[in-house]
Amino acid sequence: FDLVIMDSSCGGSVFELSHEIFGHSADVRVVRSFHVCEEEVSASPTGAGRETAFTASRDGTACVWEPEAGDSSTAGFVLRKVMRQHSGHVSALCVVPPGEYDAQSQTMILTGGQDGKVLLHSLEEAMEEPLESFRGHTQMVTCILHQNKQMISCSWDGTIRVWRFGEGGRPLKVMERHQPAVWAVTGLYAFDGSNRILSCGADRTVCLWEVESGLCVQEYRGHADVVRDVKVMTPELFISASNDCTIRKWNIHSGQC
């Protein structure tokens, strides 16, 4: 199973094959990228200070892929670290930027699994065990979000859980509305500075939540099947994707599609 990286540097909307990464033995469920700074990878002979890829797979592993040294247009990627701490497949992954865990912390990774656990990992190769384990979900973790110094996860168990690092792996808040499963969460903090999130679920709805109160303040209905993903576009607009074969654009405030 491979990861294909596309490049649009030629301009316009045309994408061309840039790289293929081989390594997982089952389908890749999640792909993320992040610019890891040179100081964090100074011990590595590979291309420090460039875009690093993170993947999670049904083979039960999460992997860190680092660019090879040399010309970025031709150099490939090398496997830097493999994390195997989940039982069952790895279903969610989130990158935690430097300084978010504590003032001195470097880039870290959160993974969620079929086992219902969320684990926090260091990028350091010598550190094999997770730094923290967050337990509470009773079914597969489907998505992980990091915003405003908090970690938010959702699951097939129908809950959204809010966590804070260093709190002993206990959730600060449990929010329930979707039935039977929550498929994705996304945050508005980067767009308007508010501690609000959007979630979507198997009940065909998208919900807007105030994280501090734990209340759902608005519900968006229109999809005819499971809503699988939701993404914020601007402070006023978001899009949702569903098994009904439609992508809908919504006004966050009015609820109009």
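A residue counts as buried when its relative accessible area is under 20%, as exposed when that area is over 50%, and as partly exposed in between. This cut-off is applied below to a predicted model.

## Overall make-up

The secondary structure of the chain comes to one helix and 21 strands. Of the 257 residues in the chain, 46% are buried. Among contacts with a separation of 6 or more, 41% are between residues 24 or more positions apart.

## Three residues and their surroundings

K117 sits in the loop between strand 8 (108-113) and strand 9 (118-122). Is K117 buried or exposed? Its relative accessible area is 16%, which is under 20%, so K117 is buried. Apart from neighbours within four places in sequence, K117 is in contact with Q85, H86, T111, G112, S133, F134, R135 and V141.

S194 is likewise a loop residue, found between helix 1 and strand 16. With a relative accessible area of 18%, S194 falls under the 20% limit and is therefore buried. Setting aside neighbours within four places in sequence, S194 is in contact with Q147, L188 and Y189. The C-alpha atoms of S194 and Q147 are separated by 9.9 Å, and the two residues are 47 residues apart along the chain.

R228 belongs to strand 19. The relative accessible area of R228 is 37%, a value between the limits of 20% and 50%, so this residue is partly exposed. Not counting residues up to four places away in sequence, R228 touches W183, A184, C200, A241, S242 and N243. The C-alpha atoms of R228 and T205, 23 residues apart along the chain, are separated by 10.0 Å.

## Two open sheets

One open sheet has four strands in the order 3-4-5-6, with antiparallel pairing. Strand 3 (28-35) and strand 6 (77-83) are at the edges of this sheet; each has a single partner strand, so one side of each has no neighbour in the sheet. From one strand to the next, the twist averages 25 degrees. Within this sheet, strand 4 (residues 51-57) pairs with strand 5 (residues 62-67). A53 stands opposite W65 in strand 5.

Another open sheet of four strands runs in the order 7-8-9-10, also with antiparallel pairing. Its edge strands are strand 7 and strand 10 (132-134), each of which pairs on one side only. The twist here averages 20 degrees from one strand to the next. In the pairing of strand 7 with strand 8, the bridge partner of A92 is G112 in strand 8. G112 is also one of the residues in contact with K117.

Strands of a sheet pair through backbone hydrogen bonds, and the pairing may be parallel or antiparallel. The strand pairs described in this report are listed here.

| Strand pair | Sense | Bridges |
|---|---|---|
| Strand 4 and strand 5 | antiparallel | four |
| Strand 7 and strand 8 | antiparallel | six |
| Strand 15 and strand 16 | antiparallel | five |

## Strand 15 and its partner

Strand 15 (residues 182-187) is mostly covered, with six of its six residues buried. Strand 15 pairs with strand 16 (residues 196-201). In that pairing, T186 has L198 of strand 16 as its bridge partner.

## The largest pocket

The largest pocket has a volume of about 460 Å³. Its lining is made up of 21 residues. Which residues lie nearest the centre of the pocket? They are C94, I144, L145, H146 and T186. T186 is thus both one of these residues and the bridge partner of L198.

The elements that give two or more residues to the lining are strand 3, strand 7 (90-96), strand 11 (141-147), strand 15, helix 1 (189-192) and strand 19 (227-232). Strand 11 gives the most, with five residues. Of these elements, strand 3 is an edge strand of the sheet 3-4-5-6, and strand 7 is an edge strand of the sheet 7-8-9-10. By residue class, the lining divides into 12 nonpolar, six polar and three charged residues.

Conventions:
Residues numbered from 1 in each chain as written. Predicted model: local features only at pLDDT ≥ 70, side-chain atom pairs only at ≥ 80, totals over all residues. Heavy atoms only, no water. Pairing = 2+ DSSP bridges. Axes fitted to C-alpha atoms, helices over the stretch in contact; angles between N-to-C directions. Buried < 20%, exposed > 50% of the residue type's maximum accessible area, 1.4 Å probe, protein only. 1 Å grid on protein atoms, 1.4 Å probe; cavity = no way out; pocket = protein on both sides within 12 Å on 5 of 7 lines; lining within 4 Å. Points joined across faces, edges and corners; volume = space filled by probe spheres on them. Nonpolar A, V, L, I, M, F, W, Y, C, P; charged D, E, K, R; others polar. Contact = heavy atoms within 4.5 Å.
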